[in-house]
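Trainee: Got a minute? I'd like to walk through this one with you.
Mentor: Sure, pull it up.

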Amino acid sequence: MSGQAPHPDRRPAHCLVTGATGYIGGRLVPELLEAGHRVRCLARSPEKLRDHPWAGRAEVVRGDVTDAGSLAAALRGVDVAYYLVHALRTGRGFEETDREAARLFAQQAGAAGVRRIVYLGGLTPAEVPGQDLSPHLRSRAEVGEIFLRSEVPATVLRAAVIIGSGSASFEMLRYLTERLPVMVTPSWVSTRIQPIAVRDVLRYLVGSAQMPGDVNRAFDIGGPDIMTYEEMMRRYATVARLPRRLILRVPMLTPRLSSHWIGLVTPVPPALARPLAESLRHEVVCREHDIARYVPDPPGAPIGFDQALVLALQRVREAQVMTRWSSASVPGAPSDPLPTDPDWAGGSLYTDRRALTVDASPKALWQVIEGIGGENGWYSLPLAWAVRGRLDRLVGGVGLRRGRRDAARLRVGDSLDFWRVEEIEPGRLLRLRAEMRLPGLAWLEMYAEEDEDGSRSRYRQRALFHPRGLLGHLYWWSVSPFHAVVFGGMARNIAKTAALRADAAGGPGAGRSG
């Protein structure tokens, strides 16, 4: 290649973004819009994007990358298609799922006349044969090759560890370092890594939309620092102003054992921690920086590791985390919306209802409802909730420690400990769908309503469970004796907290409950 890059195409593009409900996709959409591009998002559940700040500026269509019909419709009229989905956590057979989805996407993109596919994959070591790579890295490399061999020119960006507020890699690093002053670590902490700031990843993704038409290749992308994971933890401790960490290596800790260790200490569940740990077994360092010929680095870029940590921690402390690793749905978790007909399909629907009059305004009550979970807890028997979360982790579930994206505000699609926000009507209704392991489907609804006399508010709470088979029925009847304590206590404490806050503020409805 000559030293001069071909002239890029500066025209605004019509872009399709898959994976917009995920960590990178949810951040890429506003960046593309800011750059002047038109954006269409393909999502299995479009309602999850409804409350994003950019929702009114982007088109959202329902579909799936494994469905040819919805793909064809979504790709119609598109110039650049971003492929930001993968089947990492869908269990056995995920490599075949990834492979077939990528082939279908490439075929439909070619049929629609798309001029470029942009894919974010993983950085792989050149000297390691494909069969020796982790299934996670091997699958991502294969997807990239599928796109490069297709009839549509492709840009394949290969990144190692992405550092940004809310990323799985950052959360893993953060919690391991903050919670363990003395760490017993696996041998992969001595492997060399080249991390990259999420801001640089987004910059390269946006710039790829205007690459010359004859570019069809992969690019290694990374920050300016190369270090071991042990160095990353030590530098995190320095940036976060923590005491020096003592790190002891234990070679017999396999990636499988490491994933359980990570799951025990961090909010990242073992099902996600394992592929992250496996990808760190081999050195992942960039072999070139050719991307700069097409997407030039501005002054101060790429961002250094320490500065990436500073920016991420600042976002966390200011509660300005746009997306999190848990933004995407958990494969295997129930995704059915709450049925409007309680007797739908002739099935059973168990309910637990609670209602209380609250000596506070609906607004004050709503603030308590919307702030539930995370650091604020669930307003009844913290130990019982913690045990339930730990049991869920033991059987491969997400557990209770995913927390919240924002300490005060929720939006549809947010993960909330082992729940996900299915519906929110600001000031009135919060509906959560359970993502813990259960023999059935479960929801929790909380309402803030004006009382009949207009001086107080009424809190309504409804827990619903649709059992799956005999085990589901047995589960409900085994836990129902505790509902008076768990759900009853939750309702009483939410009402009490709202009344106390209103009383302290001296606002409408101030005073004690009658």
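**Helices, bridges and contacts**

Mentor: Start with helix H12, where Leu-383 and Leu-394 are exposed on the other side from the buried residues. Keep in mind that this is a predicted model.

Trainee: Which residues of H12 are buried?
Mentor: Trp-385, Gly-389, Asp-392 and Arg-393. Viewed down the axis of H12, they fall within an arc of 100°, so they line one face of the helix.

Trainee: What span should H12 have, at 1.5 Å a residue?
Mentor: For its 13 residues, 18 Å. The end C-alpha atoms are 18 Å apart, which agrees.

Trainee: Where is Val-387?
Mentor: In H12 too, which covers residues 382-394. Val-387 has a relative accessible area of 41%, so it counts as partly exposed.

Trainee: Which residues make the nonpolar surface patch with Val-387?
Mentor: Leu-383, Leu-391, Leu-394 and Val-395 join Val-387 there. The patch comes to about 520 Å².

Trainee: And what follows H12?
Mentor: Gly-396, with a positive phi near 90°.

Trainee: Where does Arg-409 lie?
Mentor: In the loop between H12 and strand E15, residues 415-416. Beyond its neighbours within four places in sequence, Arg-409 contacts Glu-370, Arg-404 and Asp-414.

Trainee: How many residues separate Arg-409 and Glu-370 in sequence?
Mentor: 39. In space, their C-alpha atoms are 6.4 Å apart.

Trainee: Let's switch to H3. Which of its residues are buried?
Mentor: The list includes Phe-94, Leu-104, Phe-105 and a set of alanines, Ala-101, Ala-102, Ala-106 and Ala-109. Charged residues appear as well, among them Glu-95, Asp-98 and Arg-99.

Trainee: What do the buried residues of H3 pack against?
Mentor: Three strands and two helices. The strands are E1 (14-18), E4 (80-83) and E5 (116-122). The helices are H2 (68-75) and H4 (135-148).

Trainee: What about the span of H3?
Mentor: It has 19 residues, so at 1.5 Å a residue it should span 27 Å. Its end C-alpha atoms are 27 Å apart, in agreement.

Trainee: Which residue comes after H3?
Mentor: Gly-113. Its phi is positive, near 80°.

Trainee: Salt bridges now. How many are there?
Mentor: The count comes to 32. One of them is in H3, between Glu-96 and Arg-99. Their closest N and O atoms are 2.2 Å apart.

Trainee: Why are Glu-96 and Arg-99 separated by about one helical turn?
Mentor: Because they are three residues apart in helix H3, residues 94-112.

Trainee: Is Arg-99 buried or exposed?
Mentor: Buried, because its relative accessibility is 19% and the cut-off is under 20%. Glu-96 is partly exposed at 38%.

Trainee: Which helix holds Asp-200 and Arg-203?
Mentor: H6, residues 198-207. They sit three residues apart, about one turn. Their side chains form a salt bridge at 3.0 Å, N to O. Asp-200 is buried, with a relative accessible area of 2%.

Trainee: Which residues are joined into one network by salt bridges that share partners?
Mentor: Arg-420, Glu-422, Arg-431, Arg-433, Glu-435, Glu-445 and Arg-462.

Trainee: What about Glu-283? What does its side chain meet in a salt bridge?
Mentor: Arg-192, at 3.0 Å, N to O. The pair links distant parts of the chain, 91 residues apart. Glu-283 is in the loop between helix H9 (270-278) and helix H10 (305-317), while Arg-192 is in strand E9 (residues 192-193). Glu-283 is partly exposed at 34%, and Arg-192 is partly exposed at 40%.

Trainee: Which strand has Arg-158?
Mentor: E6, residues 154-159. The C-alpha atoms of Arg-158 and Gly-121 are separated by 4.8 Å, although the two are 37 residues apart along the chain. Not counting residues up to four places away, Arg-158 touches eight residues, including Leu-123, Phe-219, Asp-220 and Arg-287.

Trainee: Back out to the whole chain. How many helices and strands?
Mentor: 14 helices and 19 strands. Of the 514 residues, 58% are buried. Among contacts with a separation of 6 or more, 75% are between residues 24 or more positions apart.

Trainee: And what is the accessible surface?
Mentor: About 22200 Å², with 53% belonging to carbon and sulfur atoms.

Methods: Residues numbered from 1 in each chain as written. Predicted model: local features only at pLDDT ≥ 70, side-chain atom pairs only at ≥ 80, totals over all residues. Heavy atoms only, no water. Helix = DSSP H or I, 4+ residues; strand = E, 2+ residues; numbered from the N terminus. Buried < 20%, exposed > 50% of the residue type's maximum accessible area, 1.4 Å probe, protein only. Contact = heavy atoms within 4.5 Å. Areas by Shrake-Rupley, 256 points an atom, 1.4 Å probe, with all protein chains shown as cover. Patch = residues over 30% accessible without salt bridge, like charges linked within 9 Å, V, L, I, M, F, W, Y side chains within 5 Å. Salt bridge = Lys/Arg side-chain N within 4 Å of Asp/Glu carboxyl O. Expected span 1.5 Å × (residues − 1). Arc of directions from axis to C-beta.
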